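User: Hey, got a minute to go through this model with me? I'd like to start with the packing and then look at a sheet.

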Amino acid sequence: MMDRRSLLLLLTGAVVSPVRLLAGTLGAAPQQAQKSTASSQASTGGVMTGGIFAPVMDAEGRPITAGGFVNGAPVVFTDITKQAGLDVFHNHDGGAAKRTILEVDGAGVALIDYDNDGWLDIYLVNSSTFPALAGKQPAPRAMMLHNNRDGTFTDVTEKAGVANERWGFGVAVGDFDNDGWPDMYVTNFGKNRLYRNNHDGTFTDIAEKAGIALGGWSTGATWGDYDRDGRLDLFVPGYVQFDPEHPVIAGENGVPAASCEFRGMHVFCGPMGLIGAHNHLFHNNGDGTFTDVTVKAGVADPSGAYSWCSVFLDVDDDGWLDLIVTNDSVPNFLYHNNHDGTFKDVSYLSGFAVNGDGRPQASMGIGIGDYNRDGKVDLFVTTFSDDNYTLYRNDGGGFFSDVTLQAGLLQPTIPFLGWGTAFLDYDNSGLLGIFTANGHVYPVADKANWGTSYAQRPLLFRNHDGVKFSEVPPATGSGLADVIPARGAAFGDIFNDGRIGVVINNIDSTPTLLRNVVKNANHWVGLHLIGGPKGPRDAIGAKVFLTTGGVRQRGDIFSGASYCSSSDFRLHFGLGSANKVDKVEIHWPSGTIEQVTLAGVDRIWKVVEGKGVVKS
């Protein structure tokens, strides 16, 4: 029988064997690059891919990543960025040439109801430039956009005090002090910020006082109560060690000119060959401070993996949050919670460390959801171009299988380079589709005959009965036909209309706001959970099982995931044609299991632990 790799090559028309990168010896572990000189750092200089594949072009000769539009196809999303007022924000990330790895990764976005008015606001992280780091020009600013409840947003950054003005990467939302108001942890190249919500539309940065400012290069953080003491703890991944005054650049500072190439083209160096940054786990002390328990808890990465995204999630349903970390070009991490304040590294045992070929990928973002409605939470990971994105089916007990090929997701994702992603029920059918925000890191992609492009359109996949997926055609002129340099993406019911929309933070550009305009007769419900005194107030870590018409769905509340972003904490369930909910079972992070009754559909219900449904 033909194996998965052979079938991949046959399906995609790969023109050579699966070479990783034309840049020296690849596959070296990060610790093999722990040397101080730039030349030794760049000796392995690249990124993991699945192979080199024949160009994929559309009928008009455009790369499929920037084409393939379908006239007359049903419109799922419309781009309302300008009319909503989001075009006032502009991301700035290094220089146009993208000579170093720091300048290509963009930043995340959060959907956060910072003023507790019941409407999601938008926080966009900004990157920076080398002149700004050196104090030679004003630093780019992050932006908080207040939801005006009429389809528009207003910039309130100055009043809120959340401009950051550092080289930003990610944002993780979580009510760390259980006061009922969402706080934000913003990760940077440089010191991070903990923005505590002051309950009056403003925030105060207390990261230094709290002991979690760090330094170096932090990426996609996550909040979660891993020890079930009722307080949110914080995990902060690190990417690479980078010196802006002595960057690793091919052809400079002793680095051979041919050290860093991709498919024969000169590109920036890394991550392979660079020294990895380290990850950190901070325990919440309950007094506004945190203690670094990384080593004690067993989640240290002494080799310095190139970590991008993290999320606390109960993958084996034992009632305790496990920890998932996606890594760039080296195996991913999955840590099992031992119920005693420590974790066990089960990355390889679980099947999540590598894909079905036994190969690490350049993993970027991660989607969370029970796509096949078997009651277990599954994972979807975006990767580099010339490789497929990967669907990990949860087989129970904390074990995962790579089912990308069987699900029909292998071939269509290979030309794309993915970042933010999520499972989402975009048409309220009761089945979770998959959305990915895409964009290349090499500007030279537009000049090379790779069958890909620098700016890329999003991908949306329809779920067919929890087994197969197919691409939703990108209708000409619709949001799915936006060709954008996407990075972070957040998902939620932005307009409280029962439709999941998307906010995308684009590199060196204005953001993109995609409004969901699907019109059908399907019903839905939203659940806004508020935890009790023995668990996190924002219910991070809760999971809900909703049954209607004999169909049981699962939803999880988590912080982080996607790519360096945070999405709507309110759970959304599409009901299809069903006009009532039969059963709702809530597993609170405190360990309490509660059943509630919903009196109707097509609205968002507020549920307080121990009190059931309450008036919004």
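**Cores and a sheet**

Analyst: Sure. The largest nonpolar core has 67 residues, and W217 and Y442 have the most contacts inside it. By nonpolar core I mean buried Ala, Val, Leu, Ile, Met, Phe, Trp, Tyr and Cys residues joined through side-chain atoms within 4.5 Å, with buried being under 20% relative accessible area (1.4 Å probe, protein chains only). This is a predicted model, where local features need pLDDT of at least 70 and side-chain atom pairs count only at pLDDT 80 or more, while totals for chains, interfaces and linings use all residues. Residues are numbered from 1 along each chain as its sequence is written, and side-chain values use heavy atoms, leaving out hydrogens and water.

User: Which element gives the largest share of this core?

Analyst: That's β16, with five residues. Strands here are DSSP E runs of at least two residues, numbered from the N terminus.

User: And what does Y442 touch?

Analyst: Skipping residues up to four places away in sequence, Y442 touches V47, F262, V267, F268, F384, W450 and Y454. Contact is heavy atoms within 4.5 Å.

User: OK, new topic. What's the strand order in the open sheet?

Analyst: It runs β34-β31-β37-β38, four strands with mixed pairing. Pairing takes at least two DSSP bridges between two strands. β34 (571–576) and β38 (612–614) are the edge strands, each pairing on one side only.

User: How many bridges between β37 and β38?

Analyst: Three, and β37 (residues 603–608) pairs with β38 in the antiparallel sense. V607 has V613 in β38 as its bridge partner.

Notes:
Buried < 20%, exposed > 50% of the residue type's maximum accessible area, 1.4 Å probe, protein only.
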